[in-house]
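Q: Could you take me through one part of this protein up close? I'd like to pick a single residue, see where it sits, and then work outwards to whatever is around it.

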Amino acid sequence: MAFYVSRRKLHPREEEEAGELNIVPYLDIMMNLIMFMLLTMTALVTFGVVNVAAPSYGAPGESAGESGKNLVLTVAISHKGFFVAATGGVLPGGTGSPDQPTIPLKGNDFDFDGLTQKMIAVKQLFKDNTKVILTADADLPYRDLILTMDAVREYSAADGKHPLFYDVSLSAGVM
């Protein structure tokens, strides 16, 4: 008994498709993944943006506001507390000493409310100034630096938020 295997003859169009790999579905999936990743990354980048500005350098009095007072305000963050200092003006209240911070720690935590109250007092004397330079110990947690930025930028009152020193510059400090 003989078995015959018949082979069907392929049409010309089927011959072309027989050896090709269809990558269109693969490309569709890849394009969707790329678009999803790009959109996700741009959304995540905006969460990490912190508005800071480099300090401007120039001749004394060059950047003075309308009041003519050119204040260079510096807030140093140490493990002892906040040291508030300035050149170009006299700050209200005590400014501490090199050994004693202007705003000492409250227990084991920083007194961010005390810092905000100090910035409000400074802002009342220097209404046109918006710049502050922040410097911190190298081993200070990043969270404390961000909370300090928030404390010097604005304060909340019953009638809303009020700006303080919102042009924040970061400086490398050695304490």
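A: Let's start with Thr148, which lies in helix H4. Keep in mind as we go that this is a predicted model.

Is Thr148 buried or exposed? Its relative accessible area is 0%, and the cut-off for buried is under 20%, so Thr148 counts as buried. For the chain as a whole, 25% of the 175 residues count as buried.

So what is around Thr148? If you skip its neighbours within four places in sequence, Thr148 is in contact with Val75, Ile77, Phe82, Phe112, Leu115 and Leu134. Let's sort some of those by where they belong. Phe112 and Leu115 are part of helix H3, on the side that meets H4. Val75 and Ile77 fall in strand E1, which covers 72-78. Phe82 falls in strand E2, residues 81-87, and Leu134 falls in strand E4, residues 131-136. There's also a C-alpha distance to try on screen: Thr148 and Ala76 are 72 residues apart in sequence, yet 9.8 Å apart in space.

Now for the helix partner. H3 takes in residues 112-125 and H4 takes in residues 142-153, and the two pack at an angle of about 35° with their axes 8 Å apart. The crossing of H3 past H4 is right-handed. Which residues make the contact? From H3 you have Phe112, Leu115, Thr116 and Met119, and from H4 you have Asp144, Leu147, Thr148, Ala151 and Val152. So our Thr148 is one of the residues on the H4 side. By type, the contact residues split into six nonpolar, two polar and one charged.

Next, the sheet. It's an open one with five strands in the order E3-E2-E1-E4-E7, and the pairing is mixed. Why do E3 and E7 each have a side without a neighbour in the sheet? Strand E3 (103-104) and strand E7 (167-172) stand at the edges, and each has a single partner strand, so one side of each is left open in that sense. H3 packs on this sheet too, touching E1, E2 and E3, and its direction makes about 15° with that of E2.

Let's walk across the sheet in its written order. E3 and E2 pair in the antiparallel sense over two bridges, and Gly81 stands opposite Pro104 there. Then E2 meets E1: these strands run antiparallel and are joined by seven bridges. E1 and E2 also form a hairpin, with two residues between them. From E1 you step to E4, and here the pairing is parallel, over five bridges. Last comes E4 with E7, also parallel, joined by six bridges. In that pair, Ile133 stands opposite Ser169 of E7.

Leu73 is a handy residue to pause on. On the E2 side, Leu73 stands opposite Ala86, and in E4 its bridge partner is Val132.

Follow that link to Ala86, which lies in strand E2. Ala86 is partly exposed, with a relative accessible area of 24%, whereas Thr148 was at 0%. Setting aside residues up to four places away in sequence, Ala86 touches Leu71, Val72, Leu73 and Leu91. The C-alpha atoms of Ala86 and Asn70 are separated by 9.9 Å, with their positions 16 residues apart along the chain.

For a contrast, go on to Gly93, in the loop between E2 and E3. Gly93 has a relative accessible area of 66%, and exposed means over 50%, so Gly93 is exposed. Its C-alpha atom is 8.4 Å from that of Lys118, which is 25 residues away along the chain.

Finally, zoom out to the whole chain. There are four helices and seven strands, and reading along the sequence gives the pattern α-α-β-β-β-α-β-α-β-β-β. Among contacts between residues at least 6 apart in sequence, 62% join residues at least 24 apart, and the contact of Thr148 with Val75 that we began with is an example of a link between H4 and a strand. As for the outside, the chain exposes about 12700 Å², and carbon and sulfur atoms supply 60% of that.

Note on methods. Residues numbered from 1 in each chain as written. Predicted model: local features only at pLDDT ≥ 70, side-chain atom pairs only at ≥ 80, totals over all residues. Heavy atoms only, no water. Axes fitted to C-alpha atoms, helices over the stretch in contact; angles between N-to-C directions. Left-handed = near helix turned anticlockwise from the far one by under 90°. Contact = heavy atoms within 4.5 Å. Nonpolar A, V, L, I, M, F, W, Y, C, P; charged D, E, K, R; others polar. Pairing = 2+ DSSP bridges. Buried < 20%, exposed > 50% of the residue type's maximum accessible area, 1.4 Å probe, protein only. Areas by Shrake-Rupley, 256 points an atom, 1.4 Å probe, with all protein chains shown as cover.
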